[in-house]
Amino acid sequence: MELRGTDLPEIRAKVIFYGPGLSGKSTNIRYLSSLQTNRDKQRRSSIGHSIEFHKGSQEIPEYAVPFGACVVRLQLFSVPMSLFYSENRLRVIRDICGVVFVADSQEPRMQANLECLSYMREDFHKCHLALDKIPLVLQYNKQDVESACSTGRLRELLNPQYQYFDIGACAKWGIGVAEPVEVLAQQILVRMGK
Ligand SMILES: Nc1nc2c(ncn2[C@@H]2O[C@H](COP(=O)(O)OP(=O)(O)O)[C@@H](O)[C@H]2O)c(=O)[nH]1
Ligand SMILES: [Mg+2]
């Protein structure tokens, strides 16, 4: 999908990438952010340099998803899972609009995935956020690794009622990276009643 103009109304939404250490959260964010930077560059060269580009806080990676007459501009955050940082984690979570849970598909990481899901529920509880009110999607990353569980097995463990959109991914190669945030953007729009 491409942005079609500079004057579409924008909705900004903060999205958090949650998941056990080394599951690929930063890899996802880096990939999306570089896709966005390339699109912005293309747009800039196609319309000339006369228009000042609307950019958010330069430090925060972003990814824009166009829907008809508006654009959902997602600001992408990740949180350190270490308990030492738990206060920081809560600070980041407080005003989020959506969550991408990045699970590590490797069999030996299943316990870490499950623990992290339960930490996430605790964190949400501490922030007075109801998990059923915040759009959540799951990504089963590192499907390329030999010890990876199938997406079916991961769903059984992490999404047993198939309540949430989920997808297998190889974030390192950009596979299955855009879909989760695009689904999330759509769900965020629906929640906002747009
Ligand atoms: N094989 C493989 N490695 C990946 C994939 N995604 C991320 N990685 C690697 O996993 C490591 C941890 O990734 P990172 O994004 O830093 O994890 P984070 O701790 O969740 O932010 C890095 O060496 C990545 O290159 C993937 O899809 N397949
Ligand atoms: Mg990271």
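Helices and strands here are DSSP runs, at least four residues long for a helix and at least two for a strand, numbered from the N terminus. With that in hand, the elements of the protein chain read β-α-β-β-α-β-α-β-α-β-α from the N terminus on, which gives 5 helices and 6 strands. Please keep in mind that this is a predicted model.

## Overall picture

The protein chain has 194 residues, and buried residues make up 36% of them. Among contacts with a separation of 6 or more, 79% join residues that are 24 or more positions apart.

## The sheet

Let us start with the strands. An open sheet is formed by 6 strands in the order E2-E3-E1-E4-E5-E6, with mixed pairing. Its edge strands are E2 and strand E6 (165–168), each of which pairs on one side only. On average, neighbouring strands of this sheet are turned by 25° against each other, direction ignored.

Two of the pairings show the mixed character well. E2 and E3 pair in the antiparallel sense, over 6 bridges, and here Ala64 stands opposite Arg73 in E3. The hairpin made by E2 and E3 has 2 residues between the strands, and Gly68 takes a positive phi near 50° in this hairpin. E4 and E5, by contrast, run parallel and are joined by 6 bridges. Within that pair, Val102 has Gln139 in E5 as its bridge partner.

A helix also packs on this sheet: H3 lies across E1 and E4, and runs at about 160° to E4.

## The nonpolar core

What holds the centre of the largest nonpolar core, that is, which residues touch the most other members? Of its 43 residues, these are Val15, Leu74, Val100, Phe101 and Val181. The elements that give two or more residues to this core include strand E1 (10–18), strand E3 (70–78), strand E4 (98–104) and helix H5 (178–191). Helix H1 (25–47) and helix H3 (110–126) are also among them. As a general background, nonpolar side chains tend to be buried together in soluble globular proteins.

Val100 makes a good example to click on. Leaving aside neighbours within four places in sequence, Val100 is in contact with Val15, Phe17, Val137, Gln139, Pro180, Val181 and Leu184.

Phe124 is found in helix H3. Phe124 counts as buried because 21 other C-beta atoms lie within 10 Å, and the cut-off for that label is 20 or more. Beyond four places in sequence, the contacts of Phe124 are Ile93, Leu129 and Leu131. The C-alpha atoms of Phe124 and Ile93 are separated by 7.5 Å, although the two residues are 31 apart along the chain.

## The ligand shell

Which residues are closest to ligand 1? They are Gly24, Lys25, Ser26, Thr27 and Lys172, out of 16 residues that surround the ligand. H1 gives the largest share of this shell, with 3 residues. By type, the shell around ligand 1 divides into 4 nonpolar, 8 polar and 4 charged residues.

## Loop residues worth a look

Three loop residues deserve a visit, and the table sets out their burial.

| Residue | Loop | C-beta neighbours within 10 Å | Class |
|---|---|---|---|
| Leu22 | between E1 and H1 | 14 | partly exposed |
| Arg109 | between E4 and H3 | 23 | buried |
| Lys142 | between E5 and helix H4 (151–158) | 24 | buried |

Why does Arg109 count as buried? Arg109 has 23 C-beta neighbours inside 10 Å and therefore counts as buried, given a cut-off of 20 or more. Apart from neighbours within four places in sequence, Arg109 is in contact with Pro20 and Asp104. Arg109 and Ser147 are 38 residues apart in sequence, and their C-alpha atoms are 9.9 Å apart in space.

The other two loop residues stand out through their backbone. Most residues other than glycine have a negative phi. Leu22 is not a glycine, yet has a positive phi of about 70°. Lys142, which is not a glycine either, has a positive phi of about 65°. As for their surroundings, Leu22 is partly exposed because 14 other C-beta atoms lie within 10 Å, whereas Lys142 counts as buried, with 24 C-beta neighbours inside 10 Å.

Terms used. Residues numbered from 1 in each chain as written. Chains lettered and ligands numbered in written order. Predicted model: local features only at pLDDT ≥ 70, side-chain atom pairs only at ≥ 80, totals over all residues. Core = buried A, V, L, I, M, F, W, Y, C linked by C-beta atoms within 7 Å. Buried ≥ 20, exposed ≤ 12 C-beta atoms within 10 Å, placed from the backbone. Contact = placed C-beta atoms within 7 Å. Pairing = 2+ DSSP bridges. Axes fitted to C-alpha atoms, helices over the stretch in contact; angles between N-to-C directions. Near = placed C-beta within 6 Å. Nonpolar A, V, L, I, M, F, W, Y, C, P; charged D, E, K, R; others polar.
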